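Here is a friendly tour of charged pairs, a charged patch and a nonpolar core. Have the viewer ready.

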Amino acid sequence: MKLVVQVKLLPTSQQAAALEATLDANLAAGNLGKPGSPRRVKIEAQPISFRSLAAQPYDDRCLSWQHDARTVSIWTTAGRLKGVAFTGSAQQLALLAVHRRGESDLICRDGMWFLYATVEVADQPLSQPDGFVGVDLGIANIATTSDGARHCGKGLNAVRHRHRRLCRRLQTKQTKSAKRLLKRRRRSEARFAANVNHIIAKSIVTEAERTGRGIALEDLQGIRERVRLRTPQRVTLHSWSFHQLGAFIAYKAVRAGVAVILVDAAYTSQQCSHCGHVDKRNRPDQATFSCTSCGFAEHADVNAARNIASRGETGWAVSHAA
């Protein structure tokens, strides 16, 4: 929610108490070093401080909503500000009016003020899946389904490469105008990638809901630590937002009542979805799969997605056997 007025707020005693409790817990757990260590002594000697534009939490005693007028009343240290206008999309405003719960956070970002409000929407009853849609996540193709739908990552990778080259040139210049442009563009790539992931996730969940199937995803926890790549490929891997895409698919599936299951990702790209034979030579290149045992040929990502779908059906049957 974007506010059209700027107000500068100071941290409350509630924030200070919460930060003090967090600091005490980290000290007790030893997360900030052993007693007497230089790091711990330095942290203990520093007073608790806040950024001037730090996030400010509000509950219903400090902030009230007037949905018909699209205004909020906010408490500040200088008194209460009334009639502060806010706006948002039609869907956001409808959810806000009906399902808002808990406190809201006032955030200043790039000179604009936003209210982050939490809404609690009831989950749809989980339907019994009639099969699974396997989703293979990758870099060349961001997501490929077992139905053969491929969401190409060429456009997203091109934007990232262009953004990286531009930032490198601007950082070299070190002029005021270059720094202003860097500041303005610092989150543009992340917003673009998140929008692409939202579109892909919505497409996959909609198709699964329409066909009455569940969604099987690879469990890619810790993949960045396991995978070994050449230096030019490491930047691409670490900017790959597969976790965000998986999270978007998961929460959209919950809202639609679609089952989601995580499966082991080992050898899904080397296993033949037709006969089950596993061999490195089944993948002569990135896009091609040709089984050395039965001769089955398919696009490599589609073949991997079918293996994921098969593992999803097996895993669901085992976990729901009772």
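Which residue forms a salt bridge with Glu207? Its partner is Arg210, and the closest N and O atoms of the two are 2.7 Å apart. A salt bridge here means a side-chain nitrogen of Lys or Arg within 4 Å of a carboxyl oxygen of Asp or Glu. Because Glu207 and Arg210 lie three residues apart in helix H6 (residues 188-211), about one helical turn separates them.

Before going on, a word on the model: it is predicted, with local features needing pLDDT of at least 70 and side-chain atom pairs counting only at pLDDT 80 or more, while totals for chains, interfaces and linings use all residues. Residues are numbered from 1 along each chain as its sequence is written, and side-chain values use heavy atoms, leaving out hydrogens and water.

**Salt bridges**

Side chains of opposite charge can pair when their charged atoms come close. By the rule above, the model has seven salt bridges, including these:

| Pair | Closest N to O distance |
|---|---|
| Arg61 and Asp59 | 2.6 Å |
| Glu207 and Arg210 | 2.7 Å |
| Arg306 and Glu298 | 3.3 Å |

How exposed are these partners? Buried means under 20% relative accessible area, exposed over 50%, and partly exposed in between (1.4 Å probe, protein chains only). Arg61 is exposed at 67%, whereas Asp59 is partly exposed at 21%. In the helix H6 pair, Arg210 is exposed at 60% and Glu207 partly exposed at 28%. For the third pair in the table, Arg306 is partly exposed at 32%, and Glu298 is partly exposed at 26%.

**A positive patch**

Arg162, Arg165, Arg168, Arg169 and Lys173 form a positive surface patch. Such a patch takes residues with over 30% relative accessible area and no salt bridge, joining like charges within 9 Å; the place of a charge is NZ of Lys or CZ of Arg. Arg168 sits in helix H4 (residues 154-173) and is partly exposed, with a relative accessibility of 48%.

**The nonpolar core**

A nonpolar core is a set of buried Ala, Val, Leu, Ile, Met, Phe, Trp, Tyr and Cys residues joined through side-chain atoms within 4.5 Å. The largest one has 23 residues, and Ile215, Leu245 and Ile249 have the most contacts inside it. At least two residues of this core come from each of strand E8 (132-137), strand E9 (141-145), H6, strand E11 (214-219) and helix H9 (242-256). H6 gives the largest share, seven residues. Helices (H or I, at least four residues) and strands (E, at least two) are DSSP runs numbered from the N terminus.

How values were computed. Patch = residues over 30% accessible without salt bridge, like charges linked within 9 Å, V, L, I, M, F, W, Y side chains within 5 Å. Areas by Shrake-Rupley, 256 points an atom, 1.4 Å probe, with all protein chains shown as cover. Lys, Arg positive; Asp, Glu negative; His and termini not counted.
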